[in-house]
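Subject: Structure handover, with notes on helix packing and a pocket

Hi,

Here is the structure I promised to pass on. Have a look at it first, and then read my notes below.

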Amino acid sequence: MIYHAPLKDIRFALNELAELPAVCSLPGYEDASVELVDAILEEGAKFAENVLAPINKQGDQGARLDGNIVTSAPGFKDAWQQYVEAGWVGLRAPAEFGGQGLPALVALATEEMWCSANLAFSLAPLLTLGAIEALNHHASDELKAVYLPRMSAGEWTGTMNLTEPQAGSDLAQVRTKAQPQGDGTYRISGQKIFITWGEHDMADNIVHLVLARLPDAPAGVKGISLFVVPKFLVNAGGSLGERNDVRCVSLEHKLGIHGSPTAVMSFGDNGGAVGYLVGEANKGLSYMFTMMNHARLGVGIEGMAVSARAYQAAVAYAHERVQSRAIGSPDPAGVAIIKHPDVRRMLMTMKAQIEAQRALAFYTAAALDRAARHPVPDERARNQALVNFLIPIVKGWNTEQANEITSLAVQVHGGMGYIEETGVAQYYRDARITAIYEGTTGIQALDLIGRKTASENGATARWLLNEVAATAERLKAAGFASLSANLAAAVVEAERCVAFIVDTFAAQPQLAGAGAVPFLKLMGIVLGGWQLGRAALIAKAQSGEDGADVEFLAAKQITARFYGEHLLPQVAGLAAAVVAGADSVLALDDSQF
């Protein structure tokens with residue numbers, strides 16, 4: 001299945017909606033420029049199209065486990081070496097450790113193409129970058145010096161080891177032990193499951209970040225510490241030493257992303273794996289959340305990206321598949337199915353959501369960069385609040401809709417979509433995990449209503465909704481009547497939901513919790529509509545400029561109008577579920593299910 005990187009759409013979202021020029025002007029990013037980023041995107045597109053996409057289907061054959069040794073899917077090891085040699089791993093890695101230190105916005109725009117071209121492959125660099133982020137923020141200078149240069153170069157990869165057989169998302173149940181050895185090291189023992197790229201043959205070493213408990217640790221999440229546990233120990237000069245006491249004991253048999261080995265990892269079967277404490281004892285969970293926040297934004301990109309790949313396949317098939325006469329036509333000859341109204345409705349539903357999701361994800365990434373680098377403290381704080389609020393929406397909404405969008409791609413193909421040879425079935429299977437790992441949609445939604453809405457009395461939510469309302473007014477003045485009206489109506493419903501959550505969460509959290517996922521979806525739809533409204537205004541303004549791409553800019557305006565007329569009306573139903581639907585969610589006795 002041929003993949004074409006949507007560079008024109010990516011550039012528009014980057015430059016016009018996420019305001020890349022302003023991000024490049026932040027302290028520490030002065031070496032970045034729109035021209036440099038454009039060159040990076042061009043090269044990234046070539047790599048995605050010519051190296052990663054061609055091995056996506058064969059990657060679906062999966063990795064192979066022989067004893068404790070995992071052999072990566074066909075073509076993956078060679079692709080990784082090319083990826084490393086081209087310097088792609090270090091885009092977002094800190095410059096002082098050999099990375100390029102580019103804005104998160106730029107790195108995420110490039111990651112979109114990796115995820116679209118080959119989702120299973122893209123998880124290896126995603127987890128490595130998350131591990132780099134956690135170590136750079138919290139590890140000692142000694143640990144940084146040993147691990148970050150090689151991880152930033154892609155010589156070593158990284159993992160996140162949280163989940164255990166008895167402890168899924170409830171990390172208070174973690175039982176993995178860390179025994180101090182008196183020499184600054186710890187002996188780690190326990191088992192972790194669902195470890196993405198936990199074992200493979202693509203890199204020389206694998207750096208596991210592991211949550212474990214010290215002997216005197218308090219119970220619950222307050223007693224979790226974070227440790228570096230390498231696959232191979234590292235000698236004083238930086239060379240690799242003996243194999244550590246950590247093994248892959250099995251690989252999971254999964255619905256999708258078969259090219260990404262998901263390992264069950266056993267630590268300490270032969271006396272204890274050597275580990276090194278990251279930061280302070282008993283603060284591991286907060287350290288791991290540094291990694292998880294970046295990972296959750298990355299997974300939001302994954303959901304949008306696999307949707308974009310499925311959309312491309314659906315469009316190509318709709319152009320080539322001839323089936324039935326056109327509705328209302330006297331000509332009995334069959335036409336390409338893209339002529340049929342319902343196929344067009346499905347394609348527009350896919351296209352509009354993908355463009356909205358890309359814009360919202362890039363907007364969030366730009367806020368992440370401003371939160372880290374803006375020279376004004378109040379602006380850093382405001383942008384951090386935006387990041388905190390938006391990440392569960394980007395993760396949850398993008399990935400939930402990936403299930404719908406990839407399903408629509410199968411539907412456009414009809415019976416052929418159900419056949420593996422056409423490729424879209426793989427996108428459908430691969431997309432399913434994105435709404436589960438790095439925190440299910442329910443977990444993202446509870447985070448959104450509790451920590452991100454109720455805890456600050458809705459301040460960030462209302463600030464964003466005021467921005468949306470202002471855009472609706474500008475749309476009205478610019479002649480986008482239906483989009484303006486539907487966006488304004490959606491703001492009213494969203495404000496009603498925010499008020500309900502703020503008023504009920506403290507005293508009756510179950511009432512707010514019952515509508516948490518509908519609220520997350522509602523906010524995704526509203527904020528996605530906001531971004532497409534901004535896009536429509538910019539596209540209209542640019543249409544009159546010399547050399548304007550009139551067809552592209554017209555499509556932006558039409559897509560925004562479709563979103564307003566077909567997707568924003570869903571907000572009223574979701575709002576009713578949030579505000580008035582809790583009692584029926586909770587009414588049945590457990591035995592009645």
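How closely do the axes of helix α15 and helix α19 come, and at what angle do they cross? They come within 9 Å, with a crossing angle of roughly 15°. Since an angle under 35 degrees counts as roughly parallel, α15 is roughly parallel to α19. Before you go further, bear in mind that this is a predicted model.

A bit more on that pair. For orientation, α15 covers residues 481-504 and α19 covers residues 570-580. The crossing of α15 past α19 is left-handed. On the α15 side, the contact is made by Ala-490, Glu-493, Arg-496, Cys-497 and Phe-500; α19 brings Val-571, Ala-572, Ala-575, Ala-576, Val-578 and Val-579. Sorted by class, the residues of this contact are nine nonpolar and two charged, with no polar ones.

Next, α6 and α9. Helix α6 (residues 104-117) has an axis that comes within 8 Å of the α9 axis, and the two cross at roughly 50°. That angle makes α6 oblique to α9, and the crossing is right-handed. From α6, the contact takes in Leu-108, Glu-111, Glu-112, Cys-115, Ser-116 and Ala-117. From α9, the list is Leu-297, Gly-298, Ile-301, Glu-302, Met-304, Ala-305, Val-306, Ala-308 and Arg-309. The split here is nine nonpolar, two polar and four charged residues.

The third pair is α5 (residues 76-85) with α7 (residues 119-138), where the axes come within 11 Å and cross at roughly 45°. α5 and α7 are therefore oblique to each other, and their crossing is right-handed. Phe-76, Ala-79, Trp-80 and Tyr-83 of α5 meet Ala-120, Phe-121, Ala-124 and Pro-125 of α7. The class count for this contact is eight nonpolar, with no polar and no charged residues.

Now the pocket, in case you want to look at it. The second largest pocket holds about 470 Å³ of space. Which residues lie nearest its centre? Of the 17 residues in the lining, those are Pro-6, Asp-9, Tyr-311, Lys-351 and Glu-355. The elements giving two or more residues to this lining are α1 (7-17), α9 (284-320), α10 (341-373) and α18 (550-566). So α9 turns up here as well as in the contact with α6. By class, the lining has seven nonpolar, two polar and eight charged residues.

That's what I have for now. Shout if anything is unclear.

Cheers

Notes. Residues are numbered from 1 along each chain as its sequence is written. This is a predicted model: local features need pLDDT of at least 70, side-chain atom pairs count only at pLDDT 80 or more; totals for chains, interfaces and linings use all residues. Side-chain values use heavy atoms; hydrogens and water are left out. Axes are lines fitted to C-alpha atoms, for helices over the stretch in contact, and angles run from 0 to 180 degrees between N-to-C directions. Helices (H or I, at least four residues) and strands (E, at least two) are DSSP runs, numbered from the N terminus. Angles under 35 degrees count as roughly parallel, over 145 as roughly antiparallel, 65 to 115 as roughly perpendicular and the rest as oblique. A crossing is left-handed if the near helix is turned anticlockwise from the far one by less than a right angle, and right-handed if clockwise. Contact means heavy atoms within 4.5 Å. Ala, Val, Leu, Ile, Met, Phe, Trp, Tyr, Cys and Pro count as nonpolar, Asp, Glu, Lys and Arg as charged, and the others, Gly among them, as polar. On a 1 Å grid over the protein atoms alone, a cavity is a set of points where a 1.4 Å probe fits but cannot get out, and a pocket is an open set with protein on both sides within 12 Å along at least five of seven lines; lining residues have an atom within 4 Å of a point. Grid points are joined across faces, edges and corners, and a volume is the space filled by probe spheres set on the points.
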